[in-house]
Amino acid sequence: MPSTRDRLMVVEDEPSMLAVLREVLETEGFEVYCASDGVEALDMLKRNPLPDLIISDVMMPRMDGFELLRRVRRIDAMVNVPFMFLTARSEQSEVSVGKSLGADDYIPKPFNYQELLTVVRARLDRYRAMAHHQTSQIAELKRQILMLLNHEFRTPLTLIVAYTNMLRDFSDRPISHEELVEFLENVTSGAQRLRRLVENFILLVELNYSGQNDSSLEWRMHRIDDPLKLLRDSLESVSRLSTQCLFEFEVESNLPPFTGDRDSLVIAIRELIDNAIKSSPPGATITIGAYHREGMIHLRVEDHGRGIPQHEVAKIGEAFYQIERGKMETQGAGTGLAIVGAIANKHGGRVTVESTPNVCTVFSLVLPTG
């Protein structure tokens, strides 16, 4: 028997069919709302608790089932709720229309009630499993954010507070020019790190949750025919440029132009360079380059640091994920590679990685030309 939370809405303009469906479903323990057409169904959705599943006819007066489905899918809380069509119109074209609108099942009349109940139960079980998975994902995301806030934000804040306290106590003892410069540099470093963390969090949310027509991100797609300058600009934008690393450029000659948003590409390459710096030992050389293969531009960053174990490769693009975080106390919130992947997707491209632990790691931002 279904739980008391299994609430169904049945939309059917034929009174006898509606009555039979209601009786069958209520006998099975479901709570059932009934409506005679799409207009009445939408009114009921406004006045009653939302259903866990909707069963609807297609051909109905005032508003048919297809339009009802369109309206239901515009309700945020109903986006994933199962929607089933019951209709005598079983032509393949009608089935395709229903599926294209997001219908989960399309059952032609006449039908076997036991088969209908089987499909209803299966859809409800699937809906609950998806809801549970989403809830678990949200809970894990909250846990990761809290952990990062505790570590990544507290560290630079502690640095800023400590050195500002020292500056505040300046009157208690003499302070040299060198000490003052050191204090200010450390305060600036902590502030820049905080700003970078906040900017990356905001950018990641915008990239992943804004639609194509969302104005929060302005994508200015222009012809790019100077990849070397793009790479140099990216290197200059890295806030943590290390004097312990050397940088060299390897750009293939006569590269074809490609289209992209320069500002976002600078951010993506910057994140790859920043990741290479964090992974590299003192004195290591980081190579930044570009080449063209099979209609694609490859913007690559190569380092010779600790590398990535094979079992970690599939996870590196996940938000807030850091490679072997428990072993490596590397600074960063784990948003960089997720940002690179999202920017690549916006450009119709992809991110690739090749790594041999303790030998070499190459990240490439692969973009289409033309």
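1. A residue is called buried here when its relative accessible area is under 20%, and by that cut-off both arginine 270 and glutamate 271 are buried in this predicted model. The two residues are joined to each other by a salt bridge, in which the closest N and O atoms lie 2.7 Å apart. Glutamate 302 and arginine 300 are likewise buried, and their side chains meet in a salt bridge with an N to O distance of 2.9 Å.

2. Salt bridges with shared partners also build a network, and the residues that it joins are Asp226, Lys229, Asp233 and Arg262. For the structure taken as a whole, the count of salt bridges comes to 18.

3. Among these salt bridges, the one between aspartate 263 and arginine 220 brings its closest N and O atoms to 2.7 Å from each other. Aspartate 263 belongs to helix H8 (residues 262–279), while arginine 220 sits in the loop between helix H6 (177–209) and strand E6 (221–224), so the salt bridge ties together parts that are 43 residues apart in sequence. Aspartate 263 has a relative accessible area of 44% and is therefore partly exposed, and arginine 220, at 37% relative accessibility, also counts as partly exposed.

4. The nonpolar residues deserve a point of their own. In soluble globular proteins, nonpolar side chains tend to be buried together. The largest nonpolar core in this model has 36 residues, and the members that touch the most others are Phe258, Leu265, Ile269, Ile273, Leu299, Val301 and Leu365. At least two residues of this core come from each of H6, helix H7 (227–236), H8, strand E9 (285–293), strand E10 (296–303), helix H9 (336–346) and strand E12 (360–368). The element that gives the most is H8, which supplies eight residues. Separate from this core there is a second one of 22 residues, with Ala35, Leu69, Val72 and Phe83 among them.

5. Which residues does glutamate 250 contact, once its neighbours within four places in sequence are left aside? The contacts are with Thr287, Ile288, Gly289, Ala290 and Arg300. Glutamate 250 itself is part of strand E7 (residues 246–251), and its relative accessible area of 45% makes this residue partly exposed. The C-alpha atoms of glutamate 250 and glycine 289 are 4.4 Å apart in space, although 39 residues separate the two in sequence.

6. On the aromatic side, the structure holds three aromatic pairs. In one of them, phenylalanine 66 and phenylalanine 85 have ring centres 5.4 Å apart and planes at 90°, so this pair is edge-to-face, given that planes over 60 degrees apart are counted that way. The two rings link distant parts of the chain, since phenylalanine 66 is in helix H3 (residues 65–73) and phenylalanine 85, 19 residues apart from it, is in strand E4 (residues 83–87). Both partners lie below the cut-off for burial, with phenylalanine 66 buried at 9% relative accessibility and phenylalanine 85 buried with a relative accessible area of 0%. Ring pairs also link Phe66, Phe83, Phe85 and Tyr106 into a cluster, and Phe83 is included in the second nonpolar core as well.

7. A last point concerns a charge and a ring. Arginine 232 lies over the face of phenylalanine 249, at a distance of 4.5 Å from the ring centre.

Conventions. Residues are numbered from 1 along each chain as its sequence is written. This is a predicted model: local features need pLDDT of at least 70, side-chain atom pairs count only at pLDDT 80 or more; totals for chains, interfaces and linings use all residues. Side-chain values use heavy atoms; hydrogens and water are left out. A salt bridge is a side-chain nitrogen of Lys or Arg within 4 Å of a carboxyl oxygen of Asp or Glu. Helices (H or I, at least four residues) and strands (E, at least two) are DSSP runs, numbered from the N terminus. Buried means under 20% relative accessible area, exposed over 50%, partly exposed in between (1.4 Å probe, protein chains only). A nonpolar core is a set of buried Ala, Val, Leu, Ile, Met, Phe, Trp, Tyr and Cys residues joined through side-chain atoms within 4.5 Å. Contact means heavy atoms within 4.5 Å. Rings of Phe, Tyr and Trp (its six-membered ring) pair if their centres lie within 6.5 Å; planes under 30 degrees apart count as stacked, over 60 as edge-to-face and the rest as tilted. A charge sits over a ring if NZ of Lys or CZ of Arg is within 6 Å of the ring centre and within 35 degrees of the ring normal.
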